[in-house]
Amino acid sequence: MENGEIPENANEHCPGPQSESAGKSDACEGCPNQQICATAPKGPDPDLVAIAERMATVKHKILVLSGKGGVGKSTFSAQLAFALAARDFQVGLLDVDICGPSIPKMLGLEGQEIHQSNLGWSPVYVESNLGVMSIGFMLPNPDEAVIWRGPRKNGLIKQFLKDVYWGELDFLIVDAPPGTSDEHISIVQCLDATGVDGAIIVTTPQQVSLIDVRKEVNFCKKVGVKVLGVVENMSSLCQPITDFKFMRMSDNGEQKDVTQWVWEYMKEKAPEMLNLIACTEVFDSRGGGAVKMCNEMGVPFLGKVPLDPQLCKAAEEGTSCFANKDCVVSAPALKKIIEELIETNGWLMLLSNGA
C-alpha cells in the first residue's frame, strides 16, 4: 500500500487508502485491508503530484465518452486524433478502455510495443505529431482477456498518466470505456488538479442508447466535467448509390443479384442517378434522437455522422477517413463537427501562437 496505491486485493469501488472514508465506507465492508486503511495516516497522494507535473506540458485534455458500448466512440476518438494531427497539432491518444482496447487496431498499430527511456514510457507513434498509448501494446497475445478488478485498472490508469512521456502536446484525447465506472472516476480524479477541457459524448439515435447517455451527461455534471457536446453517430446508413447491391426476391424467398442490370438500366435511362447518395434510417429515431436529448439536458449538440461502410473500412484498416477519397459521406460530417469544436473552444489560437 505504498504511495497510497490501492491494493490488488481491495474490494471493488475502493475509495483508496488516502481517502477520508478509507476503511469506513460501505465499499470497505469485508475488505482484508479495512482495519489498516481505517487507522493509516492520511495525506495527499504523491502520484497526483507526479501526474500534475507530467500533465503540465499538455495544453488541452479531452475525454471521449459513451453511455452504451458499440456506438462508435473509439472510431470517433481515432478520427478526431487523425484530424487534429493533420492540422499540425501535437496530439496524444490515450486508450483507458482496459478490457477492450481497440485503439491500436484503429490507428494501424497492432503488434507494436511500448519502449521505456530515462524520461518514462514512450508512446507508439503513428506520425511524428500523433502518439498513442494503450494496454493493447502490453498484451503478449491480442486475444488475451484482461480480467482485472477496479483497483488494478485504476493503478494502470495512474501509471499511464504519470509515467508516459508525451512531451509538449496540444491535445491529449482520452478514449474511455462505455458507462460510468471506476475508470471514469479514476481519470477525472487524477486529472482534476490539471484541469480537463471537457467531454465529447458519442451516442446512436435510438432510445436504448440515449437512456444511458443521459446518465453519462449527469455523471459529467456531478464530477464537474464540462460537456463539450454530443455526437449522434450512425444517424442513418448513407453511401453512393453505386456502392449498393440490388437483389430481387423470388416468391420462395430466394435472392437474385440484379446489381449489374440495375446499373446498366440507370446508365441508359437515368444516368444522373448514378451520382446520388442513398440514405435510410437504421435506428428508430422517432423519439427525437440526440438533438431532443441535448435540448432537454442543456448540452451542445455537435452534429450527426452517418453509418458509412467506408468509415468502418477505414477503422478496420487503421487509417484516416480524411485521407480516403471513398469516405464521401462520413468524412465531411466528421470534419464539420471537428471544425466546430476547434472554433467554439478557441483551439485554432494554438496554431496562430506557434504551438
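This report describes the overall build of a predicted model and the packing of one pair of its helices.

## Overall build

The chain has 355 residues, of which 47% are buried. Its secondary structure consists of 12 helices and 13 strands. Taken along the principal axes, the box filled by the C-alpha atoms is roughly 85 × 50 × 45 Å.

Among contacts in the chain with a separation of 6 or more, 74% come from residues 24 or more positions apart.

## Domains

Two domains appear in the domain assignment of the chain. Domain 1 is made of two segments, 47-235 and 284-350, while domain 2 covers 240-280. Domain 2 thus falls, by residue number, between the two segments of domain 1. The distance between the C-alpha centres of domain 1 and domain 2 is 38 Å.

## Packing of helix 6 and helix 7

Helix 6 spans residues 182-191 and helix 7 spans residues 207-223. The two pack at an angle of about 30°, and their axes are 12 Å apart. Angles under 35 degrees count as roughly parallel, so helix 6 and helix 7 are roughly parallel to each other. Their crossing is right-handed.

On the helix 6 side, the contact involves His184, Ile185 and Val188. These residues meet Glu216, Phe219 and Val223 in helix 7. Sorted by class, the contact of helix 6 with helix 7 has 4 nonpolar residues, 1 polar residue and 1 charged residue.

Definitions and conventions: Residues numbered from 1 in each chain as written. Predicted model: local features only at pLDDT ≥ 70, side-chain atom pairs only at ≥ 80, totals over all residues. Heavy atoms only, no water. Axes fitted to C-alpha atoms, helices over the stretch in contact; angles between N-to-C directions. Helix = DSSP H or I, 4+ residues; strand = E, 2+ residues; numbered from the N terminus. Parallel < 35°, antiparallel > 145°, perpendicular 65-115°, else oblique. Left-handed = near helix turned anticlockwise from the far one by under 90°. Contact = heavy atoms within 4.5 Å. Nonpolar A, V, L, I, M, F, W, Y, C, P; charged D, E, K, R; others polar. Domains from an automatic or database assignment. Buried < 20%, exposed > 50% of the residue type's maximum accessible area, 1.4 Å probe, protein only.
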